Protein chains: 4
Amino acid sequence: MIGVAVIGCGRIGRVHARNVAQHPRARLIAVYDVAHAVAEKTAGELSVKAAASLEDVLADRNVDAVLVASSTATHIPLIRAAVRAGKAVFCEKPIDLDLEPALACWREIAPHHPVVMLGFNRRFDASFLALHERLHAGEIGRLELAVITSRDPAPPAAEYLKGSGGLFRDMSIHDFDMARWLAGDIVEVHAFGANLVDPLFAQFRDIDTSAVSLRAASGALIQINNSRRCAYGYDQRIEAFGSKGMLQAGNQRATSVELWNAQQTAAKDLVVDFFIQRYRQAYQTEIDCFIAALENGGSVSPGFADGIAAQRIAVAAEESLQTGRAVRLSS
Amino acid sequence: MIGVAVIGCGRIGRVHARNVAQHPRARLIAVYDVAHAVAEKTAGELSVKAAASLEDVLADRNVDAVLVASSTATHIPLIRAAVRAGKAVFCEKPIDLDLEPALACWREIAPHHPVVMLGFNRRFDASFLALHERLHAGEIGRLELAVITSRDPAPPAAEYLKGSGGLFRDMSIHDFDMARWLAGDIVEVHAFGANLVDPLFAQFRDIDTSAVSLRAASGALIQINNSRRCAYGYDQRIEAFGSKGMLQAGNQRATSVELWNAQQTAAKDLVVDFFIQRYRQAYQTEIDCFIAALENGGSVSPGFADGIAAQRIAVAAEESLQTGRAVRLSS
Amino acid sequence: MIGVAVIGCGRIGRVHARNVAQHPRARLIAVYDVAHAVAEKTAGELSVKAAASLEDVLADRNVDAVLVASSTATHIPLIRAAVRAGKAVFCEKPIDLDLEPALACWREIAPHHPVVMLGFNRRFDASFLALHERLHAGEIGRLELAVITSRDPAPPAAEYLKGSGGLFRDMSIHDFDMARWLAGDIVEVHAFGANLVDPLFAQFRDIDTSAVSLRAASGALIQINNSRRCAYGYDQRIEAFGSKGMLQAGNQRATSVELWNAQQTAAKDLVVDFFIQRYRQAYQTEIDCFIAALENGGSVSPGFADGIAAQRIAVAAEESLQTGRAVRLSS
Amino acid sequence: MIGVAVIGCGRIGRVHARNVAQHPRARLIAVYDVAHAVAEKTAGELSVKAAASLEDVLADRNVDAVLVASSTATHIPLIRAAVRAGKAVFCEKPIDLDLEPALACWREIAPHHPVVMLGFNRRFDASFLALHERLHAGEIGRLELAVITSRDPAPPAAEYLKGSGGLFRDMSIHDFDMARWLAGDIVEVHAFGANLVDPLFAQFRDIDTSAVSLRAASGALIQINNSRRCAYGYDQRIEAFGSKGMLQAGNQRATSVELWNAQQTAAKDLVVDFFIQRYRQAYQTEIDCFIAALENGGSVSPGFADGIAAQRIAVAAEESLQTGRAVRLSS
């Protein structure tokens, strides 16, 4: 049994804590939150203890791994402390809003050969995973073009937005990781952005709509489109086109029911629109992969380097937005 | 060039006349209608002559084939006369509302080895044709179950209904032919009928909704469902299920557009709801097959015997409706 | 918390036991199986006790409800004993292979106003449930025709088949319940059966393929088609057609991936083909509804009478198969 | 009746000639081709005369309109001559491979208020047309993002490629027109190109795969992806995303048949892969719109200015490809 402590009992922290608690080969040792009452609530629901301090968590010999789901600014200090304490780490994306601190963190911890897995949950979605496997098994030959569609159902709260790091670092980062996962290293980035959804975004010097083009080292071209609002739900699709054909992976709906009437035919349900519901299976699978990697002493994936690489693309996309130039990434 | 005369310039007669006129290897020699003004109108549109009488049509040496699209009661006399005059015949279904006159007609004309093709247009629909070919090519192994769905967009006019012969002879007859075409000889028939659409049907001792089960000599079972009203268009589908899989052939829509919004997703157009539009390509193809058969001296299909066979099933379905028993057909 | 004991630790018993154990407002008190070792294994997995005897289970004051998932022949004795012991009962279908014992059981227990829920799991499938709700909310007007497709991925083992009671009592019974659930009381039944899948069925005087027509008291007609083998998975579909349109509920697939290549386009995954996986959510939901009904003192649904009613249709279908007549059910 | 002469009897010229000939309110007066034998063949098929010279065509008083379907280099001289002769013109795209000659042509002919319609056939495809109308009717609110997919089934012949003007001028030009048609004026263009399909393209300093981003004056962002090879047919799709939802328009298939078997389910036909077949209806409709505009004295659309505008985008895309910068278009 792998002992896990969860740091941060917000929405996503609770999802992870529950998945750890229900995992047959993991044991949830403790949960922690700077707001102790919040930690106690989660602890009560899952019948575990609410740790009194981070020190307690890291000093606990039963804790093999620390799952970091606290606010972004705490990620690096927590990774450092956990690695120093000899713990494996699962950390929610992003490592940090800025690239430099993440790189510095890596320089510091790398000599310890740390086990750090990044929470790019979409890699574990059954449909995206199947597309990835079938692509790499050669079903459509060499990848030439990919279209990644990612549209949030509605803008986040102003409070969240303020500290989000902007569309590319907060939202597109998942798509940048998908692009790397499908096509390999990215060498060039171009981005168009727009303010079409809500004046709030402009207020925070952020954008709410974007069209990004990536060029992979392999030659493949990837188009990503993002919006902060989508009337029909949380639109999450991948289209991979290759020399021998195309693979598409699409949305989820609550039911398979279709309505045919005098206005339209074969009308389906809305797309599942809450990310925690949409990626419920993916969150379970990523924890399962983390636990399995720890058991087998194998390497975790996606790892720290994947977090850095996606971040580099986000930074390049921002630069492209400012300069109007495609930005080359040194490989 | 095959010379063709069209008898009957109603809705379906005009479709056939136009298809003959546009056929590269056929020549529309004349059109005829008991209402001469009606014939003249069609003749004018297609730049051919409106024959003054049936005798003129049958005496015309340029006429190789007669296409019978006049009212049902005239079919048998016209087939007889045309065969006697040495013409090939294409006749709209049904041969007659009753089985006996059709059988008598056949006994009379059979010694002449007549060429008589029946207008079961659905056999020529590109999708049904492809399903048929792929089924018989063995793609799904042996046929075991079929579901045939056939729902008219709206009830016919009372006037039409009166002389229609009832649901099974007028509408289901097409589905009975489809069943034979897919599964071969039918040996047993059961029918449930209901009055759910319009009181008009009950008034004419007719039904407007039915569920028919057929057993084929091959062992395959076929379910047919019919309705005289369908909110979303002219619903025409076939599902063929066999030992190795299933083939489905579906409806037609005007466009491929799908709407996703806050109410539903992937909502498609209504189904094409006018039979002449739905089967436009099928009507062209059946004329093309008729012309090609005449050119090659090959046999026409579906022929007179197919018309009789479908009619037998209709009669058996009516008997089943009355008696509550499944009715066996002598093969 | 509702205390539940599970009787029978076979495949389906274990599914129920796990769902009870994971239910937030239920407590799995004990499991029991005539093969004690089997019970102990399940008990160990779920950290509950394996009861030593049925008497112990029924004498346990913590047991509010007994979940009967043992072999069919034991259902009636267990229902009787549990009701006598004042327990609520959840019983897997069917109550019994024969109608008379079930009716006798009811006459005996009815005076006790027992709480007995029948395990017609499909009523709790999210898609079928949504179709049912939308139908009854009037989205397609009055129900006129329904097509229920139910095809097993592969024939059961010979051993199972032997005691199964035949296609209609074992397999179609679910579809008969679906028909009643959608259309209300059934008043007339016709059945065609065939042996097309495996000679084994004929050996047991059973059929492997069927086409059944039902007439509801409402006037609606229902067509059910069943096969004991389906190349592409466990085919479970409902089509409900009414005066204002149609609702369809379809199959489940592991992923949303579609392949487009030089052979075909938009090719999807096979249909989920293991019933426990296909109805995983339905099994959870039915237990949840059972628990909720016990908490609220509300009535359970589907109940004993629904089990009887579906059984009556199965018996009528068999009679129709023998006699070739549609069989009327006294209401 | 509008009298039309067709110049150029290649593949597309013959399509247009046939559509004119079959149009109920147009008359095909003559066809012309520099290769007289070619013209005679087409003339024979359509029972019209093969003009001996261009002069004869332009001098013919019965000719109201000239349809230019000859090689690209002849377009401008023919437009000039036809306008000078007082004829209306329908010209295949592009006006010219270069922008300057097209602008010069316009400066010369503009004072004559010429009627010049450009052959952007996709605007007349029933599905794209419906999407366009529904978008402009406000069904999905304001357009924010569009994804245009356009993939040819196979690379053109080397001979054709040589003089094609390159991917953007030859192929993407249609997509640029679609983008303008949907989103209005384009103000910024970025292009990535790649050589992934065939070494032939690199040999001609051309690309075979591209990912283009456009920004419209309205703020909307458009992504276009192109490939010169597509295993499953001629992939032609539009996705328009707006504040209230999404409209998608898709591909065409020969039949509606779907195959379900032990390998996959719901597998559809290949996509129609010959452009003349794919856009058969669109070619008819564009001629019909041209004829109707001439009859009504209304303006034609798309016109010369639309040809220029699409060309400007193509030129900008090429510049972006060279410089790595997004290119602004002066409006």
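Student: What is the area buried between chain B and chain D?
Tutor: In this predicted model, about 1800 Å² is buried between the two chains, and carbon and sulfur atoms give 49% of that. Buried area is the accessible area (1.4 Å probe) that two parts lose on being put together, summed over both. On the chain B side, B:Q248, B:V257 and B:W260 supply 28% of what that chain buries against chain D, more than any other three residues.
Tutor: Some ground rules: local features need pLDDT of at least 70, side-chain atom pairs count only at pLDDT 80 or more, and totals for chains, interfaces and linings use all residues. Side-chain values use heavy atoms, with hydrogens and water left out, residues are numbered from 1 along each chain as its sequence is written, and chains are lettered from A and ligands numbered from 1 in the order in which they are written.

Student: How many residues are in contact there?
Tutor: Contact means heavy atoms within 4.5 Å, and 25 residues of chain B are in contact with 25 residues of chain D.

Student: Why is the link between B:D269 and D:R134 called a salt bridge?
Tutor: The rule wants a side-chain nitrogen of Lys or Arg within 4 Å of a carboxyl oxygen of Asp or Glu. Here the closest N and O atoms are 3.8 Å apart, so the pair passes. Across this interface the rule finds two salt bridges.

Student: What makes A:Y234 and A:Y279 an edge-to-face pair?
Tutor: Rings of Phe, Tyr and Trp (its six-membered ring) pair if their centres lie within 6.5 Å; planes under 30 degrees apart are stacked, over 60 edge-to-face, and the rest tilted. That gives 28 aromatic pairs over all chains. A:Y234 and A:Y279 sit 6.0 Å centre to centre with 90° between the planes, so they are edge-to-face. They are 45 residues apart in the chain.

Student: How do you know whether A:Y234 and A:Y279 are buried or exposed?
Tutor: Buried means under 20% relative accessible area, exposed over 50%, partly exposed in between (1.4 Å probe, protein chains only). A:Y234 has 6% and A:Y279 has 1%, so both count as buried.

Student: And why is the pair of D:F168 and D:F176 called tilted?
Tutor: Their centres are 6.2 Å apart, with 45° between the planes. That angle is neither under 30 nor over 60 degrees, so "tilted" is what remains. Both residues are buried too.

Student: What makes D:R215 count as lying over the ring of A:F192?
Tutor: For an Arg, CZ has to be within 6 Å of the ring centre and within 35 degrees of the ring normal; for a Lys, the same goes for NZ. D:R215 lies over the face of A:F192 at 4.8 Å from the ring centre, so the distance fits. C:R278 does likewise over C:Y279, at 4.5 Å.

Student: Which residues of helix α2 in chain A are buried?
Tutor: A:A39, A:T42 and A:A43. They cover an arc of only 100° around the axis, which puts them on the same side of α2(A); the arc is that of the directions from the helix axis to the C-beta atoms. On the other side, A:A37, A:K41 and A:G44 are exposed. Helices here are DSSP runs (H or I, at least four residues), as are strands (E, at least two), numbered from the N terminus.

Student: What follows that helix?
Tutor: A:S47, with a positive phi near 55°, although it is not a glycine. At 66% relative accessible area, A:S47 is over the 50% mark, so it is exposed.
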